[in-house]
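User: I would like a close look at a single part of this model, followed by one connected account of how that part is put together and what else can be described in the same terms.

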Amino acid sequence: MLTWLAGMACWGPPAQRRQVQITLWHGMESGINNRVLAAKIDQFNRLHSDILLEAQVYGAADQLGPKLDAAVAGRTPPDLLWWAPAYFPKYAKAGVLRSVDDFIAQDPTFSKDDIYASLWELGTMDGEVYATPFSANNLAVYYNKAMFARAGIDRPPQTWAEFRDAAARLTRDGVSGFQLPIGTSEWTVWTWECFLWQAGGELLTSGKHEAAFGAPAGVEALDFWKSLVKDGSAVFSEADAGYKMDDLLSGRVAMVINGPWNLALLNDRTDVDVGVFPLPRDRQAATNIGGESLFLFRSDPAREHAAWEFMKFVMSPDFQVDWAIATGYLPVSKSAANTERYQAFLRDNPIVKVHNDQMTVGRARPSIPEYPAMSAILGRHIEAALYGKYSSEEALSRASADVDRLFQ
Amino acid sequence: MTRGHRDAVAAYLFVLPAGLLLGIFVIYPICELCYVSLHEWNILDDRMTYVATANYSAIFADDGFWQAVVNTVTFTAVTVPVGMAISLALALLLDSRLKAFGILRTALFTPVVTSSVAAGIVFVWLLNDDRGLINGTLRWFGVDGPNWLQSETWAMPAVILMWLWKQAGYNMVLFLAGLQAIPSSTYEAAEIDGARPGWQTFRLITWPQLWPTTFFVLVVSVIFAFRAFDQMYVMTRGGPVGSTTTLVYYVFDKAFKFGDMGQAAAVSTLMLAMVMALTWMQFRFRHREE
């Protein structure tokens, strides 16, 4: 009966009668990025007459966890998933992801070395690659140039002290100097992790099964955030929505922390002049490497192979350069970054250049199954500290105790 | 087969469809819930590990759980009586059979059929610190309104406000039906006996006659309030610092943020017990009254 129904479903218009139909789930929110992706998928489907890839939008990437868990438990995950690589280990451990090592080894048309090694690391667990890079990014400070000029700041702040001073000077006439991401979600946490690393701290001990963020460096990082709140020069973002640019663009705040995917949005907004500078450093400079990867879910050999074809298509220099130029994301391969077309693009787009240059101080979140729960714990305690419920020290030592329990 | 037997078989056959539905969608999930609550399980895993009552002791040791209990009780204790009073007042107002009130009745019922996510988003805008309509209006009167949704003190009142607005129409319709079921001859008789319309007739006729409706509204309101989740999810994400995390939100967090289905099931089981106990108490109370 089911086979019969499935058979009936294939009787579509000729263009849809393909041997392998696969689904891609993604959570791109910007209209421009969606249009570029749709065009690229069309190109892929034209190039592969036997495959029909269909994209479906799942909404905010931050809120995907429950939906994906339910889909996996109900045995209906997509073939390919576009998501932050930090999340793949949980699913790899559950045995629902397919490693791509044999595809890489057996595919002479694909060169693994062309992709940045740090990005492979992000998608690797126990020596096997489960998530292939789609695009890269990192965090930097976005600021309102006119407000900087009015406050008499002619050089972007480079250290924590300069940053705190700038935030205070920018706070006037109903404008706040800086917007701190608040809420207990990953956005808050991955932003804070940059400051932890800048202070010389680590998330986990080298064995990766014990919390290390409660050390003095972590306390310094959290105290720095608290000091901005205490100065009155930082306001909180909408809960769990620290990635929204609205308050910067409408002139409520002078600085926010955000990423290069905003390029298209900023090019559209000619009414505000927004600049970008690297995250301020403390003991060292650091930013958090993000970006999305494609996870490959187990199905049958034909679909898995079709999905690999798309992963390969995405990592090709052609896709990477087109995608990077249209969206502001950073390319994942050296050959793409070195093309004359991309280099020319960087000369015209200083915003992206800041992010591209920052890649050298980029750090990555650990690829471990416990990361999502660990992030939830950290998020909750960072929020409690910012609301003054706990001292930074107490918040982080409580969080450490909870995180350590995850590894028992 | 005797006639009695045949009757019994027929009776069971008649009950079967309802029994099956109840069994599959109510009884079985409840049993499964209790079963999961005794195991350690992340939803992605095929195996469950029996841990006896470890999930329950972990929850009792968690400050977050007790905060959620306090939040849920506070939420219920405020929304139920205040909400019922508002709905009853509206119903009494609309019960005066004026034609123009038909539109008003529809208007008051609209929030009930509005999606709580859409309404929640509108309330987020209304409650915005310096651009929201609510603080804007307060400023007119020289009052500097709080930053509602980002304040540990004011987030709960804000969510309660939204809930009252959303639920008022539902209970109002129930009360209205109850009011219209009271025969007008009772009021006429009271008038002949010299009862003054207004407070006296309300106290002596309306309130006692309306009691079955009031009781029903009470039970339903308590259960609804206990299940509150979507408003918090849309407006505050249970924050700031857990100040609007209700029990259902806590269950959601445990299950999907921390992937701990066992503990989530344990809290759900406790909630089920609490709601059942409350309902049982309410019915006993009513029984005695009658």
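Which residues in H4(B) meet which residues in H7(B)?

Analyst: The model is a predicted one, and what follows should be read in that light. On the side of H4(B), the residues in contact are Leu108(B), Phe109(B), Pro111(B) and Val112(B), and they meet Trp165(B), Lys166(B), Ala168(B), Gly169(B), Tyr170(B), Met172(B) and Val173(B) in H7(B). By class, this contact of H4(B) with H7(B) has nine nonpolar residues, one polar residue and one charged residue. Helix H4 of chain B covers residues 101-113 and helix H7 of chain B covers residues 155-180, and the two pack at an angle of about 120° with their axes 7 Å apart. The crossing in which H4(B) passes H7(B) is left-handed.

Chain A can be described in similar terms, beginning with its open sheet. Five strands of chain A form this sheet in the order S9-S8-S10-S7-S11, with mixed pairing. Its edge strands are S9 (234-236) and S11 (274-277) of chain A, each of which pairs on one side only, and the twist averages 30° from one strand to the next.

Within that sheet, strand S7 of chain A, residues 140-144, has five of its five residues buried, so it is largely enclosed by the rest of the structure. S7(A) pairs in the antiparallel sense with strand S10 (residues 253-258) of chain A over four bridges, and there Tyr143(A) stands opposite Met255(A) in S10(A). The pairing of S7(A) with S11(A) is likewise antiparallel and runs over four bridges, with Tyr142(A) standing opposite Val276(A) in S11(A).

Towards the other edge, strand S8 (residues 176-180) of chain A runs parallel to S9(A), to which three bridges join it; Gln179(A) has Val235(A) in S9(A) as its bridge partner. Across S8 and S9 of chain A lies helix H10 (residues 216-230) of chain A, running at about 140° to S8(A).

A further set of strands in chain A is built on parallel pairing. Strand S1 (residues 20-26) of chain A runs parallel to strand S2 (residues 51-57) of chain A and is joined to it by seven bridges, and Gln21(A) finds its bridge partner in S2(A) at Leu52(A). Together with helix H2 (residues 31-47) of chain A, S1(A) and S2(A) make a right-handed β-α-β unit. S1(A) is also joined by two bridges to strand S3 (residues 80-83) of chain A, again running parallel, and Trp25(A) stands opposite Leu81(A) in S3(A).

Key:
Residues numbered from 1 in each chain as written. Chains lettered and ligands numbered in written order. Predicted model: local features only at pLDDT ≥ 70, side-chain atom pairs only at ≥ 80, totals over all residues. Pairing = 2+ DSSP bridges. Axes fitted to C-alpha atoms, helices over the stretch in contact; angles between N-to-C directions. Contact = placed C-beta atoms within 7 Å. Buried ≥ 20, exposed ≤ 12 C-beta atoms within 10 Å, placed from the backbone. Left-handed = near helix turned anticlockwise from the far one by under 90°. Nonpolar A, V, L, I, M, F, W, Y, C, P; charged D, E, K, R; others polar. Right-handed = clockwise from strand over helix to strand, strands pointing away.
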